[in-house]
Structure formats: C-alpha cells, structure tokens
Amino acid sequence: LPDFLSRGGIDKFAEVHESMYRDFGPVYSMSILGDDTIVLCDPIIFDSILRKEGKFPIGGTEGVSTFIDYYEENNVTMALNMFQSGPEWKEWRDSLNPDMFAAWTTYLPSIAQTCRKISDVAGAEVPKHIPFVDFISRAAFDMFETVMYGSTSFTTNSKVASSEDIEFVKAAQSAFDITGALLSNPMEKVFEGDLYKKFVVNMDKTFSFARKRTKKYADLALMDQQQAQQPQPSKQSKQFFFADEVSADAGVDEESSKCPVQKIRNAIPTKFVNPSFIERLVHRGELNNEDISEIGAPLLMAGVDTTAYVMSWLYLNLASNPDVQTKLAEELHSVLKGADLTTVEQMDSLPYLRACIRESHRLTPATPIQPKKMRKDVDIVLPNGDIYHVEAGKRISLNLRAFPMDPQFVDNPTKYQPERFLPEAIEARKGTPSEIIDHPNFEDPFGRGKRRCLGGSVAKAEIMILAARLIQDWEISLVDPLDATRWTAKQKLMLKADPYPAMKLLRRKRNEISWS
C-alpha cells in the first residue's frame, strides 16, 4: 500500500501502472488492502488465459461489489444476474445476446437519426446551456435510449428535455463515480458513511426511472404485438409498421443501401426507424415484461456511462489537435458528403475516423487495466519459459498503459497521432515487435472473450456515428488552447480528465476544408 500511494494512489491509477511496468517489467503483482492482483502487460499471454475461461467465465463486473450489494439488498434478481458468473448469468446473457450483441448493425439507422438531431442543437446548447462534457454524457443517453426504446427524450435539447431525464443522466454518472471511490475505500460501505448513502440515493433514482420507462415501452410493444396479430385494415390506416416496411415507406433503395433493418428475420411491429431492443425482447417472448423492466436499469446505466467516458477522451484529443480534426472532416466529407453514417459499408470506408478512435483509446483509455478472474488455478507461461501459478479467484489484469505507451513499440507515444492506425501503418508493422499494439485486446475498452460487454459493438457504432455527424457539422475547439495540458487523468470508476476543459462549437465552413 505505501508503494501504491507513493506512485500516485487511486487518483493517478494510470500513472501507477505505467511506473510499475517501467520498474518491474511485463509481469508484476500488487496487493492493496489484501486484494492480490497479477498484472500482465502482454496481450497475447492475457489472451491465452481468456481461452481457459470455461463455460461460465467470471466477468470484471463481479468485482464491482457496490452494484451487486445494491441489487441483492433490493432483491432485483434479473439485474443481479448481469453480475453473476454461473448458469444464471449465462441464461441472462443468452436471452439478450441475439437482439443486442449479435444484431448491433440493425440499430444503425435509428442511432444516425438521433445523432443528426443531437448535432442540430449542439451549437446552440454548447457552451451556453450545457458544458461540452455534460452534452456528451447526454448524447450517450439519447443514443442508447433510442436503441433501447426506439425513440429518445432528447436530453441534449434544453428546450424539450425533462428534468426527470436530465436527473437520470446526472444520477447515473454520480453512481458510477461514487462506485470508484467506494472500491478504494470499502469501509464507507461497511459503516454506511455519507458517500455510500449518496450512492444509494443515486441508484434509487436511476433504477426507479429505468424500470418505469422500460416497463412502459415493453407494455406498448406487447400491445402492438397483440394488435398485429389481429386482422389488419388497409395499409394507409395502420398505426404501426412491420420492420420490413419501414425502409420501403421511407423511400430507401434497399439494394443499394443494404438497409440493416432487412437483416431482422422476423417481422416486428414498430413505429420507429427500426425495431427497438425492447420490442425485440417482447417479440422473442423469452422474458415477461416484469423481467424486461428489471433488465432495463443496469443496461441503460452501463450504456450511458462507459460510452460517455470514451467519447469525452475522443473529443478532448480532437479539440487539442485541430489539424487532426480538419483531416478527419475532410475524410468525412469525401465519403459521406454531408450524409449520416448508417451502414457498416460506410464505417469500413472511413479508416481515418476509425484510426482517431483507436488512437484515442491507446493514448487515453477509459480504464488503465482490464481485470479478469478464473474459476480454476492457471499457469501463466511467459516467453522466457518462466511460469506463474495463479490460484482460482485471484485477479489477473491486463495493463493498457504498458506496451501502448512504450517507445520501443510506439514512436512518440505521448503524441495523438491517428496515422499510426491507418491500414498501411498496421500492415507495415506486421512481423515487427511493434505489431503488438494492434492486438485486439488493445482495441477498445469493452473487453474480450465470453464476457465482452453486451453492448460493446453498439457503443462503438454510437461513437463512430456521432463523431461522423458532429465533425461534419462543427469545429470543436478548446475555449482556452492552453487547457490542452492543464488536466490530469483522474480515476473514478473509469479515467476522466480533471478538470475537463471547456469547449466551444463553431459551424464548420466549407472553405475551411479542401473539399473534393
């Protein structure tokens, strides 16, 4: 503990792991208040452990005891299953996977529609009504609310946002931030100190809000499903559409656009651009509406917070590097020409946007480590032949601040340089030691293996789609350019720039870009 504190402690968790790697090499152990951890820096070795997970892997969420305790104390079984690792977790995951993890591409049209509306108000809202960092958190809520329910209450628009919706975003953020503090100070929970009481208050707000709203949309979806099973009048008098009718009624050329909605195999009645996640769960019929409403709370919270952290770093890097942002705007105009990002094909045609996001995660990851526990003892075999025996239940973590910030693998590692992740640069690294930074374990903060985040692919899509829209429309800059170096990465539940610099938005002018 003294060594941990001397290196910066919990507030400088990223710096702690950078210095541990420099001092002790690619494998080291830590013990904080009796919590022992083996930290690996090589993603290939970490991958070899993931392959031994077994049928019921233990996820990183099991270490977040504050959420587990809250759901246990409130007897919220379906929400609690998200944090389990046995058959209960697998049943929970299997019931949600088909309509979220596997079907992420089918949400792109509705996400894009929401992002356009977010961008439409961005210049009027930031910074006059909403600081940019809060605007991004609300944008994360608006996007995932669209995925969950098919539409959003638009917390990014101060003229229409309700106080209840804004309070949910604030309470969710607060609950996550307090969780980080409670994990480093467990006695707060034991003695039910003021910090823990504040956590409970915020959890009560978020759970009540999400459960009520999810139940509302689940009941509406059930009514639509029942109505769809009745004999229908003419198409003109319908109050809803089937999924395969949405793009046709909107005048979309399905062959040329390859509309993701068409990949939904079963026709689902919907009033929205594409069937919502809740509509799909109701249509599938594996969960009743009470269970679905319980699932809504942890999903809505997780869908907002992690995405907001990642986006806050991305826009900070883009605002701090205006030349990069201009280059990105040029690519977006060349490919999209003002249109929304709505298909996987468009995503694949934007290598610089992907590189900007990937480089942001390398330089400023939302979390400095990726934790894992194993059910059985494992032997970790290092390249030099050394073997580490790790007992079941002991935490094993991958250090995301080691190789990605090491000059022997990355040139100018402290510089934000997306070009290093363009396809030609990745190809050039193959067969060299630097190839290690392209390992999938370093790609994003959503994990890998069987316990990869359920909404990880949806979140990555949201990040790309919003960036494509905002950067086409706005030049995002620091109010004070000197703020580019005045923040530190402070550990909450995840890493956050503190203080987060103030930003401003200016309508992007056509003559500022070399339009092709």
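How many residues does helix α7 have, and how far does it reach from its first C-alpha to its last?

## Helix α7 and its surroundings

In this predicted model, helix α7 spans residues 108-125, which makes 18 residues, and it reaches 25 Å from its first C-alpha to its last, close to the 26 Å expected at 1.5 Å a residue. Many positions along α7 are buried, including L108, P109, I111, A112, C115, I118, V121 and A122, and the buried set also takes in S110, T114, S119 and E125.

These buried residues of α7 pack against three helices, namely α8 (132-149), α17 (344-348) and α20 (456-473), and against the strands β9 (474-478) and β12 (503-507). In the loop between α7 and α8 lies P127, and the peptide bond that leads into it from V126 is cis, with omega near -5°.

## Salt bridges

Side chains of opposite charge can pair when their charged atoms come close. The structure holds 28 salt bridges, and one of them joins the side chains of K90 and D94, with 2.8 Å from N to O. Because K90 and D94 are four residues apart in helix α6 (residues 87-96), about one helical turn separates them. K90 is partly exposed, with a relative accessible area of 27%, and D94 also counts as partly exposed, at 38%.

Another salt bridge forms between E167 and K205, whose closest N and O atoms are 3.0 Å apart. This pair links distant parts of the chain, since E167 belongs to helix α9 (residues 163-184) and K205 to helix α11 (residues 194-228), 38 residues apart. E167 is partly exposed at a relative accessible area of 31%, and K205 is partly exposed at 38%.

The side chains of R211 and E294 meet in a salt bridge as well, at 3.6 Å from N to O. R211 lies in helix α11 and E294 in helix α15 (residues 289-320), so this pair ties together parts of the chain that are 83 residues apart in sequence. R211 is partly exposed, with a relative accessible area of 30%, whereas E294 counts as buried at 11% relative accessibility. In addition, R116, D340, R469 and D473 are joined into one network by salt bridges that share partners.

## The second largest pocket

The second largest pocket has a volume of about 550 Å³. It is lined by 26 residues, of which R354, I357, R358, E443 and K460 are the closest to its centre. The elements that give two or more residues to this lining are α17, α18 (351-363), α19 (423-429) and α20.

Which element contributes the largest share of the lining of the second largest pocket? That share, six residues, comes from α18. By character, the lining residues of the second largest pocket divide into 15 nonpolar, three polar and eight charged.

## Backbone details in the loops

A cis peptide bond also runs from D498 to P499, with omega near -5°, and P499 has its place in the loop between β11 (495-498) and β12.

Positive phi values occur at N75, where phi is near 55° in a residue other than glycine, and at F154, which is likewise not a glycine and has a phi of about 55°. N75 is found in the loop between α4 (65-73) and α5 (77-81), and F154 in the loop between α8 and α9. Their surroundings can be set side by side: N75 is exposed, with a relative accessible area of 62%, whereas F154 counts as buried at 15% relative accessibility.

How values were computed: Residues numbered from 1 in each chain as written. Predicted model: local features only at pLDDT ≥ 70, side-chain atom pairs only at ≥ 80, totals over all residues. Heavy atoms only, no water. Expected span 1.5 Å × (residues − 1). Buried < 20%, exposed > 50% of the residue type's maximum accessible area, 1.4 Å probe, protein only. Contact = heavy atoms within 4.5 Å. Salt bridge = Lys/Arg side-chain N within 4 Å of Asp/Glu carboxyl O. 1 Å grid on protein atoms, 1.4 Å probe; cavity = no way out; pocket = protein on both sides within 12 Å on 5 of 7 lines; lining within 4 Å. Points joined across faces, edges and corners; volume = space filled by probe spheres on them. Nonpolar A, V, L, I, M, F, W, Y, C, P; charged D, E, K, R; others polar.
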